[in-house]
Amino acid sequence: MCKLSVVVPVYNVAGYLDQCMASILEPRRDDVEFVLVDDGSTDASGRMCDAYAEQDARIRVIHQKNAGPSEARNTGEAEACGEYLFFMDSDDVLTKGALGNIMELLYKKAPDVVRIHRTDKRAPLHDNLKETCIEEDAEDYYCENLYHGTLETAPHYHIVKTELLRKNKVHFPKGILHEDEYWTPMMLIHAKIVCDSKLRCYVYREDNPTSATHTPGTEERRAYGRLRVSQLLAQQLPSLQMSGRMRKAFGDNIAAQYMFAVFYGGLHKKTVIDRRFPLRYARTLRYRAKAALFWLSPGLTCWMRAKRK
């Protein structure tokens, strides 16, 4: 088993794939493998993946019919051989030397999860890992970041033990947007230690016109995706083993996801919603008050939220 599997879902990114691969293939390390999942690309992306595999034995390519990013990540997870998993978007890049810093953390700290951060500049990384790594109890990390509004759910900001995901059957839900809003809480519930590296090394691309962010109709799909995420998390709640504190935070998150989905997509005007849903799961006074107002009048709740913005 190698130390790290970098899983890269690939779909119609011929114009960006070379930059992505250049940022993760160096420095060359034999304890890292790269699993490229071609999700039914209709441009040259699939052929480019094959060409990379021919040149580098560390690279494996899987071709599948288009099924979306969730299924592409799930395929990569199932095929990965590494002790840790890192999901990298195929139109993004890492800063120079980032992979080496991440690997050093994995060997030195061996946590369940390593958290990395976004940067808009391809700046050099810190060398002193002691100063840039904070080890936290996973429950503290989840609860504190949730209530401070700083919980980052994008999978590409978390390097996770493969066994943690497989043992607890943590997968990405199929066919919806905001699938990370499900995956990250489910992953953190089963983790013990999170190493917040403070390494700002992930460069997120916002100018790809083919990404889901720029697809027509995305806002409504995102809203329904969040709605579905709240329902999926609620289904999991009875079977999850967690502390009372974590259960409260998890319930508040379910309620918040549902209410935000209705607000974001104006769903109370478009479909029948369950007005009592947030109230059934909200646990702390603050969230129960919001859920109670939502139950009385979803429209008023959305109007008040829009005014605050």
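Select Thr 119 first: Thr 119 is buried, with a relative accessible area of 13%. This is a predicted model, and every stop on the tour refers to that model.

**Stop 1: Thr 119 and what surrounds it**

Thr 119 sits in the loop that runs between β6 and α5 (129-132). Show the residues around Thr 119, leaving out neighbours within four places in sequence. Its contacts are then Thr 95, Arg 200, Cys 201, Tyr 202, Val 203 and Tyr 204.

Move to Tyr 204, one of those contacts. Tyr 204 belongs to the loop between β9 (193-203) and α9 (218-236). Is Tyr 204 buried or partly exposed? With a relative accessible area of 27%, Tyr 204 is partly exposed, because the buried class stops under 20%. Now draw a distance from the C-alpha of Tyr 204 to the C-alpha of Val 93: the two are 7.0 Å apart in space, although 111 residues separate them in sequence.

**Stop 2: Ser 197**

Go back to strand β9 and select Ser 197, which lies in that strand. Ser 197 has 0% relative accessibility and counts as buried. For a contrast with the last distance, draw one from Ser 197 to Arg 166. These residues are 31 apart along the chain, and their C-alpha atoms are separated by 24 Å.

**Stop 3: the largest nonpolar core**

Colour the nonpolar core next. The largest one holds 57 residues, and the residues with the most contacts inside it are Tyr 142, Leu 165, Trp 183, Met 187, Phe 250 and Ile 254. Helix α10 (residues 244-265) supplies the largest share of this core, ten residues.

Which residues does Ile 254 touch, not counting residues up to four places away in sequence? They are Ser 230, Leu 233, Ala 234, Leu 237, Phe 277 and Tyr 281.

Stay in helix α10 and select Gln 257, which is also placed there. Gln 257 is buried, at a relative accessible area of 5%. With residues up to four places away left out, Gln 257 touches Glu 181, Arg 226 and Ser 230. Ser 230 is therefore a residue to keep on display, as it is touched by Gln 257 and by Ile 254, and the burial of Gln 257 rests on a value under 20%.

**Stop 4: α6 against α10**

Show helix α6 (residues 138-148) together with α10. Two packed helices are described by the angle between their axes and the distance between the axes. Here the angle is about 40 degrees and the axes are 10 Å apart. The crossing of α6 and α10 is left-handed.

Select the two sides of the contact separately:

- From α6: Glu 139, Asp 140, Tyr 142, Cys 143, Glu 144, Leu 146 and Tyr 147.
- From α10: Arg 245, Met 246, Lys 248, Ala 249, Phe 250, Asp 252 and Asn 253.

Coloured by type, the residues of this contact are seven nonpolar, six charged and one polar.

**Stop 5: Val 6 in strand β1**

Select Val 6, in strand β1. A second, separate core of 38 residues includes Val 6, along with Val 13, Cys 49 and Tyr 84. Val 6 is buried, with a relative accessible area of 0%. Setting aside neighbours within four places in sequence, Val 6 is in contact with Ile 24, Val 32, Glu 33, Phe 34, Val 35, Phe 86 and Met 88. Draw a distance to Phe 260: its C-alpha atom and that of Val 6 are separated by 32 Å, with the two positions 254 residues apart along the chain.

**Stop 6: the two sides of α2**

Cys 49, listed in that second core, leads to helix α2 (residues 45-55), where Ser 45, Gly 46, Met 48, Cys 49 and Tyr 52 are buried. They lie on the same side of α2, because they cover an arc of only 160 degrees around the axis. Rotate the view to the face turned away from the buried side, and the exposed residues there are Arg 47, Glu 54 and Gln 55. The buried residues of α2 pack against β1 (4-10), α1 (17-25), β2 (32-39) and β3 (59-64).

**Stop 7: two positive phi angles**

Finish with backbone angles. Asn 12, in the loop between β1 and α1, has a positive phi of about 50 degrees although it is not a glycine. Asn 12 is buried, with a relative accessible area of 18%.

Ala 110, in the loop between α4 (98-109) and β6 (113-118), is not a glycine either and has a positive phi of about 50 degrees. Ala 110 counts as partly exposed, at 39% relative accessibility.

Definitions and conventions. Residues numbered from 1 in each chain as written. Predicted model: local features only at pLDDT ≥ 70, side-chain atom pairs only at ≥ 80, totals over all residues. Heavy atoms only, no water. Core = buried A, V, L, I, M, F, W, Y, C linked by side-chain atoms within 4.5 Å. Buried < 20%, exposed > 50% of the residue type's maximum accessible area, 1.4 Å probe, protein only. Helix = DSSP H or I, 4+ residues; strand = E, 2+ residues; numbered from the N terminus. Contact = heavy atoms within 4.5 Å. Axes fitted to C-alpha atoms, helices over the stretch in contact; angles between N-to-C directions. Left-handed = near helix turned anticlockwise from the far one by under 90°. Nonpolar A, V, L, I, M, F, W, Y, C, P; charged D, E, K, R; others polar. Arc of directions from axis to C-beta.
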